[in-house]
Amino acid sequence: MKKFAVPSLSLKKLAAALGADIAASLLIGASIVVFAQNADFAPGGVNGMGLILNHLTGLPIGQLILMINVPLVLVCFRFLGVRFFLASLKTMLISSWFIDHVAVLLPAYHGSHWLAAVFSGLFAGAGFALVYLQNSSTGGTDFLIMTGKKLRPSMSIGQLTQLLDGSVIIAGAFVLRRTEAVLLGLVYTVVCSLCIDLVMRVLGPRADKCRQTCAGRA
């Protein structure tokens, strides 16, 4: 039976990863609870699935996101590797807890739905970028996208993302019974993608330098 070696982390790296997870979870939680939920649209990915199921069942969004993620993790585990799996599991647990217990304490935005979609995308994009910079993920469609890329190398990550997010956004429009929800979801997706690219372009070189410094001192 094949044994998996659990990767070790220095205290500095672990503290940095936890700090990034907490900051990212606050941003992603605000994106969902403060903006998207009150604007009645479903963003793409597992967060959007969680909002749709919350609308149908009334269960906490964070718990629903975690429940969706568990089977996805089990299905995709062998394609991802132990290090990425453990980092993503840590991020998933922290973000789900923050969505249900911290983000709900923030004041909700009840203004323009279009502005809500823009700011939801900005907050989510910044949060996801912080997670990706730590070589982690929030689970969900990240797992599906990376697994799909390995199974279908001819498809780009952008194509896979658009396919999955588009499906969730359209489903959200039917469940929420608002055609405007599709347009709001598209605005969210575009803004989120641009924000991820911008944050990673700005912070990426600094994160690499910081990791190299920590590795040299370890």
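Which residues form one aromatic cluster with Phe35?

## Aromatic cluster

In this predicted model, Phe35 belongs to one aromatic cluster together with Tyr109, Phe119 and Phe123. The structure as a whole contains six aromatic pairs. One of them joins Phe35 and Tyr109, whose ring centres are 5.7 Å apart and whose planes meet at 50°, so the pair is classed as tilted.

## Phe35 and Tyr109

This pair connects distant parts of the chain, with the two positions 74 residues apart. Phe35 lies in helix α1, which covers residues 11-36, whereas Tyr109 lies in the loop between α4 (82-101) and α5 (113-133).

The partners are also described by their accessibility. Phe35 has a relative accessible area of 10% and is therefore buried, the cut-off being under 20%. Tyr109, with a relative accessible area of 26%, is partly exposed.

## Phe35 and Phe119

Phe35 also pairs with Phe119: the ring centres are 5.9 Å apart and the planes lie at 20°, so this pair is stacked. The stacked assignment follows because the angle falls under 30 degrees.

Here too, distant parts of the chain are linked, as Phe35 in helix α1 and Phe119 in helix α5 are 84 residues apart. Phe119 has a relative accessibility of 36% and counts as partly exposed.

How values were computed:
Residues numbered from 1 in each chain as written. Predicted model: local features only at pLDDT ≥ 70, side-chain atom pairs only at ≥ 80, totals over all residues. Heavy atoms only, no water. Phe/Tyr/Trp six-rings, centres within 6.5 Å; stacked < 30°, edge-to-face > 60°. Helix = DSSP H or I, 4+ residues; strand = E, 2+ residues; numbered from the N terminus. Buried < 20%, exposed > 50% of the residue type's maximum accessible area, 1.4 Å probe, protein only.
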